[in-house]
Amino acid sequence: MMNTRLAPALQRRLVGAPVLSLLMIALIFLGLGIGWRWPWPADEPRFALIAHEMITTHQWLIPHRAGELYPDKPPIFMWLIALGILVTGSVKVAFMLPSLLGALTTLGLTTDLTRRLYGPRIAWLAGLTLMLTAQFTLQARTAQIDMLVTGFITLGLYGALRHALLGPAPRWWYLGCVSMGFGVITKGVGFLPLLLLPAWFGMVWYQRHHADSDHRVVPLTLRQLLIGLGLLVAAIACWVTPMVLYTSFSGDPALAAYRDNILFRQTGERYADAWHHLKPFYYYLLEVLPWAWLPGMLALPWVVPHWWRRLRLGDARLWLPLSWLVLMVLFFSLSPGKRGVYMTPGTAMFVLALAPALPNLIRRLWLNRLAWGLATLLGGVIGIVGLLLAVGLLDSATLGEDFTINPWGWWLSIGVLTALIAWRVPPRRGLVSLGLWLAMFWILWASWGYGVMDAHRSRSALMAEVALETGHQPLALTDFDEENVLQAQQPIVQFGDGTPINDQFARMTAWLKEAPDIRWALVQDDELKGQPCVDRNTLTSLDARSDKGWWLLRADSVAQCHGDEHAAPLYQAPTTMA
């Protein structure tokens with residue numbers, strides 16, 4: 001009897017304080033695995049290395065990577081990682097903390113705004129939906145900039161919507177504008193909350209002509225708009241002004257080039273004339289959002305009619321977030337360069353738009369059946385792959401270059417637990433089944449999965465073997481990967497990101513010949529194919545598990561190769577010199 005009474009009481013407490021309860025759950029759920037793995041490519045080792053280098057060199061204003069200027073991103077994300085390293089003393093712990101902070105900020109603000117608009121029960125459902133949204137959970141566990149900038153963008157949206165829908169509250173609008181500015185110097189797109197303005201001004205105009213419109217909007221005055229924009233610019237200037245002054249008066253052409261690159265090439269040119277990640281206009285609609293915003297995307301057949309009715313009533317609580325989503329997707333779709341992670345800031349507003357329909361959606365029989373089928377299908381496929389790997393009917397290498405190891409036990413366990421969930425939770429409660437499946441998947445991934453994959457993905461095993469083979473002597477890297485530098489246990493030199501590989505090889509050859517008894521180089525198979533002068537009989541093969549073939553060579557290996565000390569610059573990685 002006590003247990004039956006305890007469950008409803010606990011549920012009431014959780015639902016009655018949705019922000020606090022969900023943040024506590026998220027801290028455990030999303031924080032699981034922090035400190036259990038090293039940074040993984042593509043982006044994580046780069047940012048961790050830059051942060052580590054900031055601490056080593058005390059150069060905080062201008063980011064450097066392996067001794068070379070890094071002009072691709074502003075420094076806020078790296079600052080936070082560096083702060084985490086200083087506080088915790090561990091790169092493995094610190095590098096994931098900014099993403100966790102961004103995720104908790106986004107979750108807390110979204111849940112609180114939903115509570116104020118629709119009440120605590122809907123806020124609880126909305127927060128739970130956001131926490132289990134595929135892209136949100138993935139980015140919260142990934143040390144890329146996108147989750148942190150999503151936190152800044154969500155605070156910008158929260159401040160604007162608190163003023164527009166729950167105001168007047170101009171101080172929240174001003175705080176949102178400051179957050180947008182910090183978002184800009186985090187990853188350029190922090191201004192995205194300004195895409196609310198067309199619908200905001202449009203709803204104010206609509207209200208003047210339709211007194212019966214549902215949920216009134218507080219106007220944004222011209223004075224408030226200008227103050228907000230001024231605060232946005234002031235926040236950006238906190239870093240841009242000293243950076244521009246330092247680079248402009250340094251007299252160093254490399255610093256001047258850095259200034260121009262970060263201000264122009266990585267902003268307007270990258271958006272209008274992108275040079276990589278080129279995708280068609282429909283990329284987000286057809287290839288990203290259908291999976292990235294699950295499980296909410298499953299509800300679209302039932303929620304679109306609900307949206308249509310509320311839009312016709314002029315409900316600003318839907319018009320503002322939904323219009324912002326449309327403009328955000330359109331904004332990124334217009335650029336030729338596209339990456340799936342760019343949709344992360346949309347997860348919060350998508351859930352806010354779904355929120356009032358959630359109590360009705362969770363009772364929809366066919367939606368539950370669809371969710372149950374999806375969970376069973378995903379887990380079944382993973383389990384079958386694990387079984388085929390276990391019995392040797394499938395080679396893990398056929399799954400892609402990242403699968404040079406065979407974690408069949410992890411795959412098979414997912415399948416077994418999926419079968420258990422499908423057996424215990426009937427299709428009529430399919431949303432519960434899908435929620436349990438997602439939680440199970442991420443918990444296993446952040447624990448067992450990290451342990452299985454870490455040595456392979458982080459290159460820790462490779463660089464430990466390199467240090468052993470070379471006796472910790474100086475090592476050159478051509479076409480270097482940041483994870484190699486981060487994991488290095490000896491002095492590292494590299495020859496410039498973007499330098500043609502043949503020029504790097506010529507510079508490396510000259511460097512090796514300058515001290516043939518103590519210097520080594522680490523190269524990949526692909527780099528050797530274009531160098532017939534290399535004596536392959538003198539190469540040292542590395543046996544560490546890796547997705548690429550690696551070789552160690554010394555001066556005698558390149559005795560017949562032309563060396564040129566002027567062919568490329570030479571940079572020493574300061575983090576490996578101690």
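Trainee: What makes the lining of the largest cavity divide into nonpolar, polar and charged residues?

Mentor: The lining has 4 nonpolar, 3 polar and 3 charged residues. This is a predicted model. The residues around the largest cavity are L477, T478, D479, F480, D481, N484, L522, Q524, E527 and W550. Asp and Glu count as charged and Leu, Phe and Trp as nonpolar, so D479, D481 and E527 belong to the charged group and L477, F480, L522 and W550 to the nonpolar one. T478, N484 and Q524 are therefore polar.

Trainee: Why is this space called a cavity?

Mentor: The word is used where a 1.4 Å probe fits but cannot get out, so an open space would not be given that name. The largest cavity holds about 40 Å³.

Trainee: How many cavities of 30 Å³ or more are there?

Mentor: The count is 2. The second largest cavity has about 30 Å³.

Trainee: What lines the second largest cavity?

Mentor: W372, A375, T376, T418, I421, A422, S433 and W437 line the second largest cavity. At least two of the lining residues come from each of α19 (365-391), α20 (408-424) and α21 (430-458). The lining divides into 5 nonpolar and 3 polar residues, with no charged ones. Only Asp, Glu, Lys and Arg count as charged, and the list for this cavity contains none of them, so the charged group is empty.

Trainee: How do you know that C533 and C561 form a disulfide?

Mentor: Their sulfur atoms are 2.0 Å apart. The cut-off is 2.5 Å, so the pair qualifies. The search of the whole structure finds 1 disulfide. The link of C533 and C561 is right-handed, with 100° about the S-S bond.

Trainee: What parts does the pair C533 and C561 tie together?

Mentor: C533 is in the loop between α25 (525-529) and β6 (540-541), and C561 is in the loop between β7 (550-553) and β8 (571-572), so the disulfide joins parts 28 residues apart in sequence.

Trainee: At what angle do the axes of helix α15 and helix α16 cross?

Mentor: The axes of α15 (residues 300-312) and α16 (residues 316-334) cross at roughly 115° and come within 8 Å. The crossing of α15 and α16 is left-handed.

Trainee: Which residues make the contact of α15 and α16?

Mentor: α15 contributes W307, R310 and L311, and α16 contributes R317, L318, W319 and L322. Contact requires heavy atoms within 4.5 Å, so these residues meet that limit. They divide into 5 nonpolar, no polar and 2 charged. Arg counts as charged, so R310 and R317 are the charged ones.

How values were computed. Residues numbered from 1 in each chain as written. Predicted model: local features only at pLDDT ≥ 70, side-chain atom pairs only at ≥ 80, totals over all residues. Heavy atoms only, no water. 1 Å grid on protein atoms, 1.4 Å probe; cavity = no way out; pocket = protein on both sides within 12 Å on 5 of 7 lines; lining within 4 Å. Points joined across faces, edges and corners; volume = space filled by probe spheres on them. Helix = DSSP H or I, 4+ residues; strand = E, 2+ residues; numbered from the N terminus. Axes fitted to C-alpha atoms, helices over the stretch in contact; angles between N-to-C directions. Left-handed = near helix turned anticlockwise from the far one by under 90°.
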